[in-house]
Amino acid sequence: MIKATLTILLLTVLSSPLWAADSKAKESKKEEKKEGVLVIGQNLNVGMPLNKAFALLGIPDKFTVHRGTEPGLDSIAVEYSQGVVIHALNKKNVVEEIEVLPEFKGEFDKGIKLGDKFNDLVGKFGMPHALVAQVARYPERGYYFFMKDEVIVSGKVFVKDSKIFDFQLINK
């Protein structure tokens with residue numbers, strides 16, 4: 001069921017023309033490259049429809065299916081070369097989790113980037129609700145920043161009250 005849904009979504013995204021060959025489209029493409037930075041919490045959000053996320057991110061590098069504790073909790077992980085993995089639950093067509101890998105070159109809303117220091121994070125997001133095992137937790141926003149030597153190395157963002165297994169683990 002998951003594979004069939006993903007196949008249909010990918011075929012829909014891939015079958016539509018991305019850019020026309022005229023000069024107006026080329027100008028739009030140049031503007032998109034300038035403005036095309038991925039910003040978690042702005043142009044890439046949890047809760048957004050999967051087809052919009054697929055259109056924004058392009059062709060994925062890898063798909064993984066994760067079995068949940070019950071069929072409704074099965075999920076997919078779709079990995080992209082931009083250093084982002086999006087997660088969705090079975091039978092739901094929205095982004096449930098965004099995982100930001102160390103190679104991510106974009107940023108989070110409020111201008112936070114991987115490589116920023118803990119003090120920068122506090123300056124822009126405020127004090128975390130908790131800092132446990134090198135994870136700065138902002139559960140009210142669904143943001144979890146992973147730190148090493150007080151530097152942000154990766155992050156995860158979840159929809160409110162997510163049923164994704166990662167969310168259950170991170171909130172123990």
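**Exercise 1.** Which residue in E8 is the bridge partner of Ala 130?

*Solution.* Keep in mind that this is a predicted model. Start with the strands: E7 covers residues 130-132, and 3 bridges join E7 to E8 in an antiparallel arrangement. Next, look across from Ala 130: its bridge partner in E8 is Arg 137. Finally, check the turn: the hairpin of E7 and E8 has 2 residues between the strands, and Ala 133 in the turn has a positive phi of about 50 degrees.

**Exercise 2.** Find the partner strand of E8 that follows in E9, and say which way the residues of E8 point.

*Solution.* E8 and E9 run antiparallel, joined by 4 bridges. Ala 136 has Phe 145 as its bridge partner in E9. In this hairpin, with 4 residues between the strands, Gly 142 takes a positive phi near 80 degrees. Now for the directions: Val 135 and Arg 137 point one way from E8, while Ala 136 and Tyr 138 point the other way, and all are buried.

**Exercise 3.** Place Phe 145 and Phe 108 in the largest nonpolar core.

*Solution.* This core has 31 residues, and both Phe 108 and Phe 145 are among those that touch the most other members. Helix H3 (50-57) and strand E9 (143-148) are among the elements that each supply at least two residues; the largest share, 4 residues, comes from H3. Beyond its neighbours within four places in sequence, Phe 108 is in contact with residues including Val 39, Ile 40, Phe 145 and Val 157. Apart from this core lies another of 7 residues, including Val 135 and Phe 167.

Methods. Residues are numbered from 1 along each chain as its sequence is written. This is a predicted model: local features need pLDDT of at least 70, side-chain atom pairs count only at pLDDT 80 or more; totals for chains, interfaces and linings use all residues. Side-chain values use heavy atoms; hydrogens and water are left out. A nonpolar core is a set of buried Ala, Val, Leu, Ile, Met, Phe, Trp, Tyr and Cys residues joined through side-chain atoms within 4.5 Å. Buried means under 20% relative accessible area, exposed over 50%, partly exposed in between (1.4 Å probe, protein chains only). Contact means heavy atoms within 4.5 Å. Two strands pair if DSSP finds at least two bridges between them.
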